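Welcome, and thanks for taking a look at this one with me. Below are a few numbered points to read alongside the structure.

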Amino acid sequence: MIPLKLPAFDIKIKDYENKTWIFDILRKKYVVLTPEEWVRQHFINLLITQFNYPKSLIKCESGLSYNKLRKRSDIVVYNRDAIPFLLIECKAPDVKITDAVFKQAATYNFVLKAPYFVVTNGINTFCCSVNHETKEVGYVNGLPAFPEN
């Protein structure tokens, strides 16, 4: 896998049945290592080690429904009241962050109503704030601190 512009960490990787697997600390199991999973695991590590987000309030690959379609968000961080705080949409490093990627994240966030969402490919990361009442979206410099309440 290619180096990302995210902090390195103690990665647990194994080869099994002609596939490479990476250990997911949230799901507590090995998952197939794809380029998108590489980015997702690095970003989870960033949230926990650099921003002190509680591991117990981060959910990976959670389901949601939009227009009767079942979708899956990459990472959702909840606040201490179990309300979505931050949605993260991960892409493979070779996927460009385009308007379509922002639209996908915004569509998922229309359901979740988190005040922040992130799109990242591990090379480029963008964070946006959302006012769901006025439907205004703005860029944020860096990631928001985890809300203590």
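**Notes for a first look**

1. Let's begin with the largest pocket, whose volume is about 160 Å³. Please keep in mind as you read that this is a predicted model. The residues lining the pocket are Ala-106, Asn-109, Phe-110, Lys-113, Phe-117, Val-130, Asn-131, His-132, Lys-135 and Val-137. Sorted by class, the lining is made of 5 nonpolar, 3 polar and 2 charged residues.

2. Which elements supply that lining? Helix H2 (99-112) and strand E8 each provide at least two of the lining residues. The largest share, 3 residues, comes from H2.

3. Lys-113 is worth a pause, since this residue of the pocket lining has a positive phi of about 60° although it is not a glycine. You will find Lys-113 in the loop between H2 and strand E7 (116-120). With a relative accessible area of 44%, Lys-113 is partly exposed.

4. Next, follow the chain to the hairpin formed by E8 and E9, which has 4 residues between its strands. Strand E8 covers residues 125-131 and runs antiparallel to E9, with 5 bridges joining the two. Across the pair, Asn-131 stands opposite Glu-136 in E9. In the turn, Lys-135 has a positive phi of about 65°. Both Asn-131 and Lys-135 also appear in the lining of the largest pocket.

5. Is strand E9 buried or in the open? Strand E9 spans residues 136-140, and of these 5 residues the number buried is 0, so the strand lies largely in the open.

6. For the interior, turn to the largest nonpolar core, which has 27 residues. Within this core, the residues with the most contacts are Phe-43, Leu-47, Tyr-53, Val-77 and Ile-88. Helix H1 (35-50), strand E4 (58-66), strand E5 (69-78) and E6 each contribute at least two residues to this core. H1 gives the most, with 7 residues.

7. How many disulfides does the structure hold? The count is 0. Take Cys-60: its closest cysteine sulfur is in Cys-90, 7.9 Å away, which is too far for a bond. The sulfur of Cys-128 has its closest cysteine sulfur in Cys-127, and because the two are 6.5 Å apart, they are too far for a bond as well. For comparison, the cut-off for a disulfide is a pair of sulfur atoms within 2.5 Å.

8. Are these two cysteines buried or exposed? Cys-60 counts as buried, at 9% relative accessibility. Cys-128 also counts as buried, at 2% relative accessibility.

9. Ala-82 is another residue other than glycine with a positive phi, in this case near 65°. Its place is in the loop between E5 and E6. Ala-82 counts as exposed, with 59% relative accessibility.

10. Finally, look at Lys-96, in the loop between strand E6 (84-90) and H2. At 65% relative accessibility, Lys-96 counts as exposed. Its C-alpha atom and that of Phe-146 are separated by 28 Å, and the two residues are 50 residues apart along the chain.

Note on methods:
Residues are numbered from 1 along each chain as its sequence is written. This is a predicted model: local features need pLDDT of at least 70, side-chain atom pairs count only at pLDDT 80 or more; totals for chains, interfaces and linings use all residues. Side-chain values use heavy atoms; hydrogens and water are left out. Buried means under 20% relative accessible area, exposed over 50%, partly exposed in between (1.4 Å probe, protein chains only). Two strands pair if DSSP finds at least two bridges between them. On a 1 Å grid over the protein atoms alone, a cavity is a set of points where a 1.4 Å probe fits but cannot get out, and a pocket is an open set with protein on both sides within 12 Å along at least five of seven lines; lining residues have an atom within 4 Å of a point. Grid points are joined across faces, edges and corners, and a volume is the space filled by probe spheres set on the points. Ala, Val, Leu, Ile, Met, Phe, Trp, Tyr, Cys and Pro count as nonpolar, Asp, Glu, Lys and Arg as charged, and the others, Gly among them, as polar. A nonpolar core is a set of buried Ala, Val, Leu, Ile, Met, Phe, Trp, Tyr and Cys residues joined through side-chain atoms within 4.5 Å.
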